[in-house]
Amino acid sequence: MFSLYLSTFTLVVIGFDRLCAVRFPMRRIKARMQVHKAVIAAWVLSAVLSAPQRADQSTAPDAHVFSFQGHLELEIDVRLQS
């Protein structure tokens, strides 16, 4: 889910940057810093919006277990079915 949000937000940032380049061509000096901030915002927003789904994965049986207690713990339970 994270990559879905991230790719969508990145395309929005690119589109907005192109719009500003065409609409305000003389303001390109400040644009570099604005684009950096927008890309960082896209990453943060993608992480925030995908967090509930990642937390929900831990409730499924035989799923990967994720814990958000200060740091990320990953426990993988691999079972062979005979």
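# Briefing: a two-helix, two-strand chain

In this chain, 42% of the contacts between residues at least 6 apart in sequence join residues at least 24 apart. The model is predicted. The chain holds two helices and two strands, and along the sequence these elements follow the pattern α-α-β-β. The points below start with the chain as a whole and then turn to individual residues.

**Chain and surface**

- The chain has 82 residues, of which 12% count as buried.
- About 7100 Å² of the chain is accessible surface, and carbon and sulfur atoms account for 65% of that area.
- A nonpolar patch on the surface is made up of Ile 40, Val 44 and Val 48. Together these residues have about 280 Å² of accessible area.
- Val 44, one of the patch residues, belongs to helix 2, which spans residues 28-56.

**N-terminal span**

- UniProt, in an unreviewed entry, assigns the feature "signal peptide" to residues 1-21.
- In the model, residues 1-21 are 95% helix and 0% strand.
- The C-alpha atoms at the two ends of residues 1-21 are 30 Å apart.

**Salt bridge**

- The whole structure contains one salt bridge. The pair is Arg 18 and Asp 17, whose closest N and O atoms lie 3.0 Å apart.
- In general, side chains of opposite charge can pair when their charged atoms come close.
- Arg 18 has a relative accessibility of 46%, so this residue counts as partly exposed.
- Asp 17 has a relative accessible area of 16% and counts as buried because the cut-off is under 20%.
- Asp 17 also has a spatial relation to Ala 38: the two are 21 residues apart in sequence, with their C-alpha atoms 9.5 Å apart.
- Ala 38 lies in helix 2 and, at 28% relative accessibility, is partly exposed.

**Ser 46**

- Ser 46 is part of helix 2. With a relative accessible area of 0%, this serine is buried.
- A polar atom of the Ser 46 side chain is 3.2 Å from the backbone nitrogen of Leu 6.
- Setting aside neighbours within four places in sequence, the contacts of Ser 46 are with Phe 2, Tyr 5, Leu 6 and Phe 9. Leu 6 therefore appears twice for Ser 46, in the contact list and in the polar pair, where the atoms fall within the 3.5 Å cut-off.

**Ser 50**

- Ser 50 is also located in helix 2. Its relative accessible area is 8%, which means that Ser 50 counts as buried.
- The Ser 50 side chain reaches two backbone oxygens: that of Ser 46 at 2.9 Å, and that of Ala 47 at 3.4 Å.
- Not counting residues up to four places away in sequence, Ser 50 touches Met 1, Phe 2 and Tyr 5.

**Links between the two serines and the N-terminal span**

- Phe 2 and Tyr 5 are among the contacts of Ser 46, and Phe 2 and Tyr 5 are also among those of Ser 50.
- Ser 46 and Ser 50 are joined through the Ser 50 side chain, which reaches the Ser 46 backbone oxygen at 2.9 Å.
- The UniProt "signal peptide" feature is placed at residues 1-21, and the contacts of Ser 46 in that part of the chain include Leu 6 and Phe 9.

Definitions and conventions: Residues are numbered from 1 along each chain as its sequence is written. This is a predicted model: local features need pLDDT of at least 70, side-chain atom pairs count only at pLDDT 80 or more; totals for chains, interfaces and linings use all residues. Side-chain values use heavy atoms; hydrogens and water are left out. Helices (H or I, at least four residues) and strands (E, at least two) are DSSP runs, numbered from the N terminus. Buried means under 20% relative accessible area, exposed over 50%, partly exposed in between (1.4 Å probe, protein chains only). Contact means heavy atoms within 4.5 Å. Accessible areas come from the Shrake-Rupley method with a 1.4 Å probe; for residues, only the protein chains shown count as cover. A salt bridge is a side-chain nitrogen of Lys or Arg within 4 Å of a carboxyl oxygen of Asp or Glu. Patches are made of residues with over 30% relative accessible area and no salt bridge: like charges are joined within 9 Å, nonpolar side chains (Val, Leu, Ile, Met, Phe, Trp, Tyr) within 5 Å. UniProt positions are given in the numbering used here, feature names are shortened, and annotations may be inferred rather than shown by experiment. A polar contact is a pair of N or O atoms within 3.5 Å; within protein, one must be able to donate a hydrogen and the other to accept it, and residues adjacent in sequence count only if both atoms are side-chain atoms.
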